[in-house]
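Colleague: Before I rely on the descriptive terms used for this structure, could you take me through them and show how each one is justified?

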Amino acid sequence: MASDVVLRVENVSKRFALGERHDALRDLIPSILANLAGRSRPNSTAKKEFWALRDVSFELCRGEAFGIIGANGAGKSTMLKLITGIMEPTSGRMDIRGRLSALIEVGAGFHPDLTGRENIYLNGTILGMSRAEIDRKFEAIVEFSGLTDFIDTPVKRYSTGMYARLGFSVAAHVDPDILIVDEVLSVGDMAFQNRCLERMNKIIRGGSTVIFVSHNLQAIAELCPRTVLLDAGRVGTIGPSQETIKTYLQCAELGRWSQASDLIVSQINVRGAYGQKVAFDSGEKVWVDVEVQCSCQSQPFSVVLCVYDDKQYEVSHTSTEYLGCPAVSLKPGERFACTFEMDLNLAGGTFYLGVDLFRFDVEKVLYHLFPAATIFVKSHADVRGIVDTHPKIIAFGRASRVRSREEIGKT
Amino acid sequence: MRQALRKLVARRDLLYMIAWREIKIRYKQSAMGVMWAILLPTVIVAAGIVVRYGMSALSGKTVSMQDIAAVTVKGLVWAFFAGALRFSSTSLIANPNLVTKIYMPREIFPLASVLSQLLDLGVASTLVFVIFLFTRLGASWELLWVPLLLLITVALVTGWALLVSAACLFFRDVKYLIEVFLTFAVFVTPVFYDVSMFQKWANLLLLNPLAPLLGGLEKCIVYGRMPSLPWLSYSAAVALISLAAGFHFFKKWEPKFAENI
């Protein structure tokens with residue numbers, strides 16, 4: 001290994017067995033006996049395989065910040081679990097040098113009945129610190145979390161945000177050689193998120209290697225010079241983040257995601273009153289055509305249409321189910337099309353459409369496409385934010401006199 | 001294996017914290033607090049004394065203070081053994097988040113269960129001390145055997161705890177088998193009686209690796225005599241093999257934990 005390579009992933013593949021697994025002796029023993037008797041039923045425990053990762057290779061140098069992006073189910077989380085050693089690859093090799101700390105779960109091992117102080121020690125040792133090290137950093141951890149007043153309160157009385165802040169604070173102080181961050185910046189308020197990003201920047205500048213997995217493409221672009229795109233378990237592209245992100249967005253818009261799904265959204269059209277377009281005025285009507293193709297017998301699905309703003313916050317979502325249409329099942333080779341009509345009551349800005357094929361009865365995402373299309377909205381009224389509320393001024397001027405509280409109550 | 005051991009030693013603070021969490025939660029959640037540590041052992045010891053009186057009524061021999069002290073010592077160690085196996089069996093499946101989301105040497109979980117039970121044994125041992133004050137049994141140099149005997153017991157139970165915790169992760173009903181096993185084992189282990197009562201069958205009972213350990217503890221604490229060395233080395237050998245096998249297989253299965261929990 002070259003001296004400055006801290007992580008090398010070489011032709012790594014990971015296979016999962018699908019289907020039912022024996023997790024009780026009472027199931028296993030009868031099936032062994034049946035096998036011995038030669039009466040094995042091939043269909044009962046059909047061995048289906050699923051390759052979460054296939055032949056993935058990359059290298060990371062010391063001090064590098066590296067992003068991993070990809071659609072849901074592309075193998076991002078599996079990759080992280082292999083790197084952290086939670087799972088072993090089915091084939092291939094990985095070499096890791098140095099102390100590794102993973103922020104896959106914020107507040108892992110927190111116990112609700114223990115106080116913040118006790119949980120800092122517990123969580124800190126779980127993340128690989130020694131007790132002496134936590135003693136040294138304790139003040140800094142508490143200060144970073146901003147929970148000084150609540151540190152001796154059991155964490156079951158914390159709000160979700162406080163809980164996450166404490167968890168991130170501990171993790172941010174581990175000082176690992178390699179830090180792995182999986183989608184945790186989505187917790188806390190804006191101020192805390194900014195502080196997290198700052199902290200990650202500081203960790204990167206301090207010479208640590210960082211692996212960052214996120215759907216927040218903007219954060220990836222800001223933090224990581226280099227990014228890999230995973231596509232159905234294989235390396236799609238690897239290189240400068242801007243280019244990888246561009247490839248990702250293009251692939252997604254073309255809808256040629258080779259997901260492990262038999263259903264595919266084959267076409268998306270965004271139309272105005274006079275045909276296809278991408279720039280709309282606020283309040284204008286928009287029509288979205290969605291076409292779905294099926295290669296095998298499909299599960300019953302509904303089409304979900306989401307609108308996101310440029311920070312990828314969801315502005316609204318609707319579905320054929322909400323709008324009173326039945327779920328659809330397709331036969332092999334069949335196509336399905338539907339058209340949504342919406343009023344674009346949005347403030348000015350860039351918005352993204354996302355399309356999911358969703359099975360509502362079992363709450364399962366069958367296909368995820370984001371961004372499916374980009375639209376630009378121009379606002380007439382001077383309104384900022386996400387939603388166009390059509391504000392008007394209907395009174396304006398100095399009030400004649402200030403009314404008392406009682407007077408207001410009477411009217 | 002050596003590397004795995006080195007990793008475990010490097011994370012000894014984690015072992016301590018997990019054991020501490022187990023103890024702290026157990027005591028925090030119950031109004032009885034520390035009483036928990038001595039409740040189960042006390043019940044077992046009380047049962048032992050009742051059995052002892054029952055036996056004496058049948059055989060016509062009176063129950064001496066020494067008999068009661070012997071039952072107490074053996075009952076406490078049995079409570080530790082059973083508790084350690086019981087708690088370690090669920091130690092991995094009770095922490096699915098830590099097993100699937102973060103890497104750490106997973107043997108820490110069963111080890112922490114054994115450690116926390118060991119602390120309970122320590123608390124409960126004050127009970128023995130009180131009884132000893134009453135019976136005025138006095139101390140002897142043979143008490144120096146006690147640490148060695150306890151060490152072998154801990155090694156034995158640790159080896160089994162490692163195997164049982166992994167087995168429970170793969171097969172959920174192993175947990176119930178453990179209960180059945182422990183219920184049955186208390187009858188074939190000389191906790192409430194002495195192997196000598198069975199005369200020619202005594203050696204058969206001593207094949208249970210726990211039997212020579214309990215017998216040895218009884219001898220050196222209560223009667224101030226040396227434990228039987230051949231049987232003791234037999235137990236030590238079984239304990240060492242259990243520990244080595246437990247660690248070996250645990251480490252071998254560990255990479256599959258996250259997928260199977």
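Colleague: Which residue in strand 18 of chain A stands opposite D281(A)?

Modeller: Bearing in mind that this is a predicted model, the residue of strand 18 that stands opposite D281(A) is K378(A).

Colleague: What makes strand 12 and strand 18 of chain A a pair?

Modeller: Two strands count as paired if at least two bridges are found between them, and strand 12 is joined to strand 18, residues 364–378, by three bridges, with the two strands running parallel. The requirement is therefore met for these two strands of chain A.

Colleague: Which strands are called edge strands in the sheet with the order 12-18-17-14-15?

Modeller: That open sheet of chain A has five strands and mixed pairing, and its edge strands are strand 12 (279–281) and strand 15 (314–319), since each pairs on one side only. Neighbouring strands in this sheet are turned against each other by 30° on average, with direction ignored.

Colleague: Why is one side of strand 11 and of strand 16 of chain A said to be left without a neighbour in the sheet?

Modeller: The sheet in question is an open one of four strands in chain A, ordered 11-10-13-16, with antiparallel pairing. Strand 11 (275–276) and strand 16 (335–343) stand at its edges with a single partner strand each, so one side of each has no neighbour in the sheet.

Colleague: How do you know that strand 10 and strand 11 of chain A pair?

Modeller: Strand 10, residues 263–272, and strand 11 share two bridges in the antiparallel sense, and at least two are required, so these strands qualify as a pair. In strand 11, Q276(A) is the bridge partner of R271(A).

Colleague: Why is helix 2 of chain A described as largely enclosed by the rest of the structure?

Modeller: A residue is called buried when its relative accessible area is under 20%, and eight of the nine residues of helix 2 are buried, so the description follows. Among the buried residues are K76(A), M79(A), L82(A) and T84(A). The helix is followed by G85(A), which has a positive phi, near 90°.

Colleague: Which residues lie nearest the centre of the largest pocket?

Modeller: They are T84(A), G85(A), Q3(B), K7(B) and Y103(B), out of 36 lining residues. The space in this pocket comes to about 1200 Å³, and helix 1 of chain B gives the most to its lining, with five residues. By class, the lining has 18 nonpolar, eight polar and ten charged residues.

Colleague: What makes the other space a cavity, and how many are counted?

Modeller: A cavity is a set of points where a 1.4 Å probe fits but cannot get out, and one cavity of 30 Å³ or more is counted. The largest cavity holds about 30 Å³ of space, and its lining includes A102(A), N123(A), A171(A) and I102(B). Strand 5 (100–103) and helix 5 (160–172) of chain A are the elements that give two or more residues to this lining, which divides into seven nonpolar, three polar and one charged.

Colleague: Why is P209(B) called buried?

Modeller: Its relative accessible area is 11%, and the cut-off is under 20%, so P209(B) is buried. P209(B) is found in the loop between helix 9 (202–206) and helix 10 (210–223) of chain B. Leaving aside neighbours within four places in sequence, P209(B) is in contact with L156(B), W160(B), Y234(B), S235(B) and V238(B).

Terms used. Residues are numbered from 1 along each chain as its sequence is written. Chains are lettered from A and ligands numbered from 1 in the order in which they are written. This is a predicted model: local features need pLDDT of at least 70, side-chain atom pairs count only at pLDDT 80 or more; totals for chains, interfaces and linings use all residues. Side-chain values use heavy atoms; hydrogens and water are left out. On a 1 Å grid over the protein atoms alone, a cavity is a set of points where a 1.4 Å probe fits but cannot get out, and a pocket is an open set with protein on both sides within 12 Å along at least five of seven lines; lining residues have an atom within 4 Å of a point. Grid points are joined across faces, edges and corners, and a volume is the space filled by probe spheres set on the points. Ala, Val, Leu, Ile, Met, Phe, Trp, Tyr, Cys and Pro count as nonpolar, Asp, Glu, Lys and Arg as charged, and the others, Gly among them, as polar. Axes are lines fitted to C-alpha atoms, for helices over the stretch in contact, and angles run from 0 to 180 degrees between N-to-C directions. Buried means under 20% relative accessible area, exposed over 50%, partly exposed in between (1.4 Å probe, protein chains only). Contact means heavy atoms within 4.5 Å.
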